[in-house]
Amino acid sequence: MTVPWPAVARLVGRRLLAAVPVMVLVTLGMFAVAAASPFDPVRRYVGDASGASQETLDALRANLSPDGTFVEQWWSWLTSVLGGDLGQSMALRQPVSQVIAERVGWSLLLCAVAFVGSVLLGTALGVLAARREGGPLDRLFSSLAYTLQAAPPFWLALLAIWLFALQLDVLPAGGLTDAGSDTVTAGSLLSHLALPAAVLTISQLPWFVLYVRQGVSDALHEDPVRGARARGVSERTVLLGHALRSGLLPVLTLVGTRVPELITGALLVETVFSWPGIASATVRAATDTDFPLLAALAAFSALAVLAGNLLADLLYGLADPRVDLNEM
Amino acid sequence: MTVRRLIRGGAAPGALAVLVAVAGCSAPSDEGDDSGGSGGQDSVVVGIANEPETLSPLLGYGKDGNSKIFDGLLRHDGEMGLEPALATELPEISDDGLTYRYPLREDVSFSDGQPFTAADVVFTYETILDPGTNNAAKGELDAIDSVEADGDHAVVFTLKYPFAPFAERTVLPIASERAAGDQDVNTGAYNTEPVGTGPYVLTDWSPGERISLTANPEYWGGEPEVRRVTMAVVPDDDVRATRLRSGDLDAAVLPPNLAEGFADEDGMVTINAESADFRAVTLPSDNPVTGDVDIRRALDLAVDRELMVESILLGAGHPAYNAIPTASPWFAEGTERAFDREGAGQLLEQAGWALQDDGFRARDGQRAEFTLWYPAGDRLRQEHALAYASDAKEIGIDITVESGSWEIIDGQLAEDAVLSGGGDPADPDFQLYTLLHSELAGNGYNNMAHYRNPAVDELLDEGRQSGDPAEREAAYEAVQRELVEDPGYTFLTHVDHVYVMADAWDGVTTQVEPHDHGLGHGPWWNVEDWRVRS
């Protein structure tokens, strides 16, 4: 397959341009919400330190609250971000860039493993289910998928800890390394990654299974497949070469749209497993109304979603010659 | 100090230690050889619920002592008595109570090898008091007028007003001027890479996962026997209990209902730490119902504190009659009030609060009703609030219980009651002055009930200013008796903090704990003094 690089480059360029107004809206909206929020960041900053005097509260408010209307706040935030300064996190008493840099790698690792896992596993199970529509495998996988879709990741995580860490005692229940050691070795990382990645994979799995199953079984009724069968092409080639290829198209769109879901799922899973990713910082930022950190995280999430959609469209265009990248 | 050890099954301590070691070997956390083979364990992994925001004392980390990484000029012993730490002795106090002089140790270095001097003390206090420093607890040092070095090895504090409990505040950890001096105090690297003089050194902080501490071999008080302390951050109670059970954690703070599950576990001990952490209902003075002294006294008699301790706290707590715990030496003996629902009803009847057809009371057209708030999501306070309202209903007072965020509650404090909490065991002034002095009525989060009682004001001032312990004791005793006559708060319970831990070390005790119990409190408050059981 030849990649039409000029068309790809043009698509990326168009999307980058389109991303500008989206990012402006997202971040401006973030600051508007912050301005309208009934929650008081100073109250959160003080936390449980009861007995803070009015004088202390006033001084903190003067130091911590930004000046001006939310549009002015947004503008000064934007100019400093463009200058490379993401501001200061109130809740974590650190520069926002440091908060993100320290944690984002672990989150990316977890999300990437879970995402690749759910795409591959979802495709395999979906094809198996579609091969004989209404058969026992199809019924089993479909009903499992519906059940899992209804199960909150948080609950799945607790169940996994109970089973694998407590009853079977084969996998650690949380953290990045053994609680008593500081060095991250590949072996211990792998064993600590296993449960959170598995739970996140499973929570993302149902959509992929059901989409692939539907796509492939629809494709099996299409003319090209019938034609291939009539020509005596082997069932295996029909299934994987013809039906899967056209049945995967809707799944590629799904890849883009599942990114936000993946991020939310990761937040819960990371919290349960004490995974040192961005989740604990996000939860902290939200509950402590730490708007500088929230603004940066919202901007990054928006970028992740846009990138996910772009990736899906590119793959779509590459997988299906009928789709013209120039028209997307 | 009460440490209740609940060991079921009656196994001998030696056998328990062996069991711990056996259990430890099968646990995934013991792939290394830190169990030492024969039951002694020179490392401990503690599960905590809340991660500190910062490890810098300049922003409030460890302000009540036990910070592990730092030392204060003074420190509290197991009985909350003061003893010198970085100071060589307790301070010399001038006759007018306005100057405190601390001679300092000369043999102490920070973990980066730099010597500790008076300049570090001056830097720490001056930075905290600087208006640009976002330290929420700086009000606790409000009495300080100036702090000056007297040579390299002594500091002198000058106070704005005589403040008898001042020495209690100097348990505050001392930061290194050289390490922290040229950074932005609010967001600088010192918040995550602290340099202190304490028994432990921070080796790694993986935010959201854990904080790793290693014994400081150069510690001036001698190198701790427990060489590694890991604080694993596990916010969810159930997950914390599960990881404790799987052997991943050696110790954890747990709610009483989950701690109960470990009662029959061999080799685990449950430790109830008494605290000054009270739950009380504010009775705003400006509300015609809660401001009425008869209503206040009737409510005080009508609440069944024993039942709240049994049913809400599952026994892990004590009835509270004022902010000072009944076990404290400062508690005024004989001010306990027995549960007396009938007496409360009679009292209201005599005061003219007559029962109406709807079962509630009224006087001169004023119905006996008010609203009680609790912060949304706080289960403990919710249950206290509901129990309080149902006790009040029995004597004909109609309380509407509502929940809201603090932002909503803040605006209602002058009118409505709120289920409040707090407590600082170090000195009665810290407990009572901010709760009761009329000067602080409605000031920030002080005196939320807007309590105003001239006699109490005078006694509080006397207790704060007098340098004579006997005079202070008499003053605080009188305050507590005055609170029986005019209870501006209904104190309900003191909440024990419950910990479950492996029984593998000697010298494990608890202090009376404050409301806010971070990683410094709990049985590991003095982990540097534990001995590894051989």
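Trainee: How many helices and strands are there in chain A?
Mentor: The elements are DSSP runs numbered from the N terminus, where a helix is a run of H or I of at least four residues and a strand a run of E of at least two. This is a predicted model, in which local features need pLDDT of at least 70 and side-chain atom pairs count only at pLDDT 80 or more, while totals for chains, interfaces and linings use all residues. Residues are numbered from 1 along each chain as its sequence is written, and chains are lettered from A and ligands numbered from 1 in the order in which they are written. On that basis chain A has 13 helices and 2 strands.

Trainee: What percentage of the residues in chain A is buried?
Mentor: A residue is buried if 20 or more other C-beta atoms lie within 10 Å of its own, exposed if 12 or fewer, and partly exposed in between, with the C-beta atoms placed from the backbone. The C-alpha trace of chain A spans about 85 × 55 × 35 Å along its principal axes. Of the 328 residues in chain A, the buried share is 40%.

Trainee: Which percentage of the contacts in chain A between residues at least 6 apart in sequence joins residues at least 24 apart?
Mentor: Two residues are in contact if their C-beta atoms, placed from the backbone, lie within 7 Å. Once the count in chain A is limited to pairs at least 6 apart in sequence, the share joining residues at least 24 apart is 74%.

Trainee: Why does the end-to-end distance of helix α1 of chain A agree with its number of residues?
Mentor: The expected span of a helix is 1.5 Å times one less than its number of residues. Helix α1 of chain A covers residues 5-36, which is 32 residues, and α1(A) has a kink of about 25 degrees at A:Ala19, shortly before the proline A:Pro21. The bend at a residue is the angle between axes fitted to the seven residues ending there and the seven starting there. The distance agrees because both the expected span and the separation of the end C-alpha atoms are 46 Å.

Trainee: At which residue does α5(A) bend?
Mentor: Helix α5 of chain A, residues 96-131, has 36 residues and reaches 50 Å from its first C-alpha to its last, close to the 52 Å expected. The bend in α5(A) is about 40 degrees, and it is placed at A:Arg103.

Trainee: Which element supplies the largest share of the side of chain B that touches chain A?
Mentor: In the interface, 56 residues of chain B are in contact with 50 residues of chain A. On the chain B side, β2, β9, β10, β11, α5 and α11 each supply at least two residues. By class that side has 15 nonpolar, 26 polar and 15 charged residues, where Ala, Val, Leu, Ile, Met, Phe, Trp, Tyr, Cys and Pro count as nonpolar, Asp, Glu, Lys and Arg as charged, and the others, Gly among them, as polar. The largest share, 5 residues, comes from α5(B).

Trainee: What ipTM does the predictor give the complex?
Mentor: For chain B the mean pLDDT, the predictor's confidence in each residue from 0 to 100, is 88, and 92% of its residues reach 70 or more. Residues 1-39 of chain B nevertheless have pLDDT below 50, and this stretch has 73 contacts in the model beyond near neighbours in sequence. For the complex, the pTM is 0.81 and the ipTM is 0.75.

Trainee: What distance separates the centres of domain 1 and domain 2 of chain B?
Mentor: The bounds, which come from an automatic or database domain assignment, give domain 1 as 2-197 + 496-532 and domain 2 as 278-495. Across their boundary, 15 residues of domain 1 of chain B are in contact with 19 residues of domain 2 of chain B. Taken over C-alpha atoms, the centres are separated by 32 Å.

Trainee: Is B:Asn66 buried or exposed?
Mentor: B:Asn66 lies in the loop between β2 (43-48) and β3 (74-76) of chain B, and its phi is near 60 degrees, a positive value in a residue other than glycine. B:Met80, in the loop between β3 and β4 (82-84) of chain B, has a phi near 65 degrees and is partly exposed, with 18 other C-beta atoms within 10 Å. Because B:Asn66 has 23 C-beta neighbours inside 10 Å, B:Asn66 counts as buried.
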